[in-house]
Amino acid sequence: MSIMRCELDGHLAVITMTNQAKRNVLSEAMINGIIEALEEAGRAKARAVILRAEPGCKVWSAGHDVSELPASHRDPLGWSDPLRVVIRAIEEFPAPVIALIEGGVWGGACEMALACDIVVATPDSTFALTPAKLGIPYNVSGLLTFMNVTGIHVVREMAFTARPISAQRAQALGIVNHLRGAEEITFYCTMMARDIEKLAPLAIAVMKEEMRVLASAHSITPRMFERVQGLRRQVYDSQDYQEGVRAFREKRPPNFTGE
């Protein structure tokens, strides 16, 4: 069964996640499909990409595939984790990527959406940062994705409460560029992509790379980085991490003890 498709129309590429039966969970297979589609779009010299789920979906993506998380003793969001790879692929793609959002966007999928250059959502969309529900500390580069699009107090609230925020609030916070109804969002995103197509692709590619470099220009000493990694290691070696993953798989609320 296909879990995604890529359609090329002139200089526009539309990447659609189609695994609604599993809420478009970001499994390794799904992420590899997105990366391959981006590579295909790159070979076709696409000047704009739309990343979306199928029209009318209730969940855009449920985020990281929990069944693929390591049981313990290994960083679940390390450099080579598929989620980190796809985030970098979106950020480094030489043309704008438009996230067309319908439905709920959770966890790692929320980061993937915000890693896109422009976010357009339906009014009933929601955004949630949910790793604390699983006992997982989000990594530094992942948190930076959120901090680059909105204020640190908002990121703290999202990370510490795991509560979803509405599309209307997300727009007010600068997380979402535009809100459009489900009946018009496809047309709206397509017309935006067509406008981008008409402009100078090399100039846009350079400006996108300049903004990516500037957004990541945060100094951190080796000692600070080692301290953060040491703290993360304590968490994914903990009983709480194992309990969070186990509770999710058993479809019950976790019982965290702080150990």
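## Cysteines that stay apart

A disulfide is a pair of cysteine sulfur atoms within 2.5 Å. With that cut-off in hand, take Cys-189: its sulfur sits 11 Å from the closest cysteine sulfur, the one in Cys-116, so the gap is too far for a bond. Turn it around and the story holds, because Cys-116 has its closest cysteine sulfur in Cys-189, again at 11 Å and too far for a bond. Keep in mind that what you're looking at is a predicted model.

So how many disulfides turn up when the whole structure is searched? The search comes back with zero. As for their surroundings, Cys-189 is buried, with a relative accessible area of 0%, and Cys-116 is buried too, at 6% relative accessibility.

## Helix 7, home of Cys-189

Cys-189 is one of the buried residues of helix 7. This helix covers residues 185-197, which makes 13 residues. From its first C-alpha to its last it reaches 18 Å, close to the 18 Å expected at 1.5 Å a residue.

Which residues of helix 7 are buried? Besides Cys-189, the list has Ile-185, Thr-190, Met-192, Ala-193, Arg-194, Ile-196 and Glu-197. Asp-195, by contrast, is partly exposed, at 46% relative accessibility. Asp-195 also pairs up with Lys-198 in a salt bridge, where the closest N and O atoms are 3.9 Å apart. Lys-198 itself counts as exposed, at 67% relative accessibility.

## More salt bridges

That pair has company: the structure holds 13 salt bridges. One of them joins the side chains of Arg-5 and Glu-54, at 3.5 Å from N to O. Arg-5 belongs to strand 1 (residues 4-9), while Glu-54 is in the loop between strand 3 (48-53) and strand 4 (59-61), so this contact ties together parts that lie 49 residues apart in sequence. Both ends are partly exposed: Arg-5 has 34% relative accessibility and Glu-54 has 22%.

Another salt bridge links Arg-252 with Glu-250, and here the closest N and O atoms are 2.6 Å apart. Salt bridges with shared partners bring these two into one network with Glu-243 and Arg-246. Arg-252 is partly exposed, with a relative accessible area of 30%, and Glu-250 is partly exposed as well, at 47%.

## The second largest pocket

Now for an open space in the model. The second largest pocket has a volume of about 870 Å³. It is lined by 33 residues, and the closest to its centre are Ala-62, His-64, Val-66, Leu-134 and Phe-248.

Which element gives the most to this lining? It's helix 10 (residues 239-249), with four residues. Sorted by class, the lining of the second largest pocket has 17 nonpolar residues, nine polar ones and seven charged ones.

## A glycine in a loop

One last stop is Gly-151. You'll find Gly-151 in the loop between helix 4 (140-147) and helix 5 (152-161). Is Gly-151 buried or partly exposed? It is partly exposed, with a relative accessible area of 36%.

There is also a glycine to set beside it. Gly-108 is 43 residues from Gly-151 in sequence, and in space the two are 19 Å apart, C-alpha to C-alpha.

How values were computed
Residues numbered from 1 in each chain as written. Predicted model: local features only at pLDDT ≥ 70, side-chain atom pairs only at ≥ 80, totals over all residues. Heavy atoms only, no water. Buried < 20%, exposed > 50% of the residue type's maximum accessible area, 1.4 Å probe, protein only. Salt bridge = Lys/Arg side-chain N within 4 Å of Asp/Glu carboxyl O. Helix = DSSP H or I, 4+ residues; strand = E, 2+ residues; numbered from the N terminus. Expected span 1.5 Å × (residues − 1). 1 Å grid on protein atoms, 1.4 Å probe; cavity = no way out; pocket = protein on both sides within 12 Å on 5 of 7 lines; lining within 4 Å. Points joined across faces, edges and corners; volume = space filled by probe spheres on them. Nonpolar A, V, L, I, M, F, W, Y, C, P; charged D, E, K, R; others polar.
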